[in-house]
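Here is a briefing on the structure shown below. The topics are the ligand, the annotated positions and some backbone details.

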Amino acid sequence: MTITNADLDTAREWIAQARRLCVSTGAGMSAESGVPTFRDALGGMWARFDPQQLATEAGYRADPQLVWDWYASRREGVAQAQPNGGHVALAEWQRRHPGRMTLITQNVDDLHQRAGSDDVVCLHGGLFVDRWLDPCPRWKGGQPPCDTSTATPGRPPHCETCGNRVRPGVVWFGEALPGQALQAAEDAANDCDVMLVVGTSGAVYPAAGLPLLARQAGAKVVVLNPQPSELDDTAHLVLRDTAAHGLPLLLT
Ligand code: OAD
């Protein structure tokens, strides 16, 4: 499982020449930090847990305590994880080349930010973000009348006044992506010279549609993934390597 020198040189050359580089990352980006992916046969979370139960609003309403506890244990796991060499390579490239990279992630961990990346476009929300499950009866539009930090602790925390529950601020199946983030991702895909796709199976849309958008707009598409993915056919170049090993080689 290595990148050939010729492919590596080609990808590096494209990146070096790129006016705008768009990087789109998925769960494989954080695998070497010890954060499990979703669909890998060995160790993927959706092989052990039911996404209908744990990643839908209906599942949360059916058993809020179970779902809250599951996200609490994920928060603990991610809090102990450290950014890997791939996160660091991306952050350093961004620092050396201000304004040239848009970093888009489906990941809800904060490892890109902790590695020093700014302005990360988070398509699927954030694991450490809390928000209310329902609109408050006293909510008259605009901002909610009270912050989730005022919630009474519990599993899940709730509002003493109206009973509303707190939920994790991740995007669940069947929910719309945050509009601004999706717009920013599509704009970046449309306006880049190279789209580098790291560690995603390409199974979940709209994120999985970004590489094709970029390709149709004229960008070179490079996939970095140790395993075949649904995006390989969209790519001009597929590099079979891991994020922590391959990114420092690519982003020199
Ligand atoms: P998946 O679990 O579907 O795919 C992970 C990908 O990472 C696979 O293609 C692996 O081959 C690859 N991979 C594994 N180890 C790697 C490594 N060390 N370096 C690079 N790649 C590696 O994860 P996503 O595609 O991110 O949604 O899943 C998309 C969405 O599905 C997630 O954001 C999540 C999930 O349900 C939400 O949480 C809303």
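Asp119 is exposed, because its relative accessible area is 71% and the exposed class begins over 50%. This is a predicted model. Asp119 sits in the loop between α7 and β3. Its phi is near 50°, a positive value in a residue other than glycine.

**Ligand surroundings**

- How many residues surround the ligand? The shell holds 23 residues, and the closest are Phe38, Arg39, Val171, Thr200 and Ser201.
- By class, the shell is made up of nine nonpolar, eleven polar and three charged residues.
- In the side chain of Thr200, an N or O atom is 2.6 Å from a ligand oxygen atom.
- From Asn225, a polar side-chain atom lies 2.8 Å from an oxygen atom of the ligand.
- Ala27 takes part through its backbone: an N or O atom there lies 2.8 Å from an oxygen atom of the ligand.
- The ligand taken alone exposes 800 Å², and the protein buries 93% of that.

**Annotated positions in helix α5**

- The unreviewed UniProt entry carries a "binding site" annotation that covers Tyr71 and Arg74.
- Tyr71 lies in helix α5, which spans residues 64-80. Arg74 is found in helix α5 too.
- Is Tyr71 buried or exposed? Tyr71 counts as buried because its relative accessibility is 3%, and the buried class is under 20%.
- Arg74 has 15% relative accessibility, so this residue also counts as buried.
- Beyond its neighbours within four places in sequence, Tyr71 is in contact with Leu54, Ala55, Leu127, Pro168, Val170 and Trp172.
- With the same kind of neighbours left aside, Arg74 is in contact with Phe38, Met45, Val108 and Leu127.
- Leu127 therefore appears among the contacts of Tyr71 and of Arg74, with both of these counted as buried.

**Further annotated positions**

- The "binding site" annotation in the unreviewed UniProt entry also covers a longer set of positions, including Asn107, Val108, Thr200, Ser201, Asn225 and Gln227.
- Where is Ser201 found? Ser201 is in the loop between β6 (194-198) and α9 (210-216).
- Ser201 counts as partly exposed because its relative accessibility is 31%.
- Not counting residues up to four places away in sequence, Ser201 touches Arg39, Ser229, Glu230 and Leu231.
- A polar side-chain atom of Ser201 lies 3.5 Å from the backbone nitrogen of Ala203.
- Gln227 lies in the loop between β7 (220-224) and β8 (237-239). At 43% relative accessibility, Gln227 is partly exposed.

**Thr105 and Ser117**

- Thr105 is in strand β2, residues 101-105. Its relative accessibility is 2%, so Thr105 counts as buried.
- The side chain of Thr105 has a polar atom 2.9 Å from the backbone nitrogen of Asn107. Asn107 is itself covered by the "binding site" annotation in the unreviewed UniProt entry.
- Leaving aside neighbours within four places in sequence, Thr105 is in contact with Thr25, His112, Val120, Val121, Cys122, Leu123 and His124.
- Ser117 lies in the loop between α7 (111-115) and β3 (121-122). Ser117 counts as buried because its relative accessibility is 5%.
- Which side chain makes a polar contact with the side chain of Ser117? The partner is Gln94, at 2.8 Å.
- Leaving aside neighbours within four places in sequence, Ser117 is in contact with Leu90, Ala91, Gln94, Leu103 and His112.
- His112 is thus among the contacts of Thr105 and of Ser117, which are both buried.

**Cis peptide bonds**

- The bond from Arg155 to Pro156 is cis, with omega near 5°. Pro156 lies in the loop between β4 (125-132) and β5 (166-170).
- Tyr205 and Pro206 are joined by a cis peptide bond, with omega about 5°. Pro206 is found in the loop between β6 and α9. Ser201 is located in that loop as well.

Key. Residues numbered from 1 in each chain as written. Predicted model: local features only at pLDDT ≥ 70, side-chain atom pairs only at ≥ 80, totals over all residues. Heavy atoms only, no water. UniProt positions renumbered as here; feature names shortened; annotations may be inferred. Helix = DSSP H or I, 4+ residues; strand = E, 2+ residues; numbered from the N terminus. Buried < 20%, exposed > 50% of the residue type's maximum accessible area, 1.4 Å probe, protein only. Contact = heavy atoms within 4.5 Å. Near = heavy atom within 4 Å. Polar contact = N/O pair within 3.5 Å; in protein donor to acceptor, adjacent residues only side chain to side chain. Areas by Shrake-Rupley, 256 points an atom, 1.4 Å probe, with all protein chains shown as cover. Nonpolar A, V, L, I, M, F, W, Y, C, P; charged D, E, K, R; others polar.
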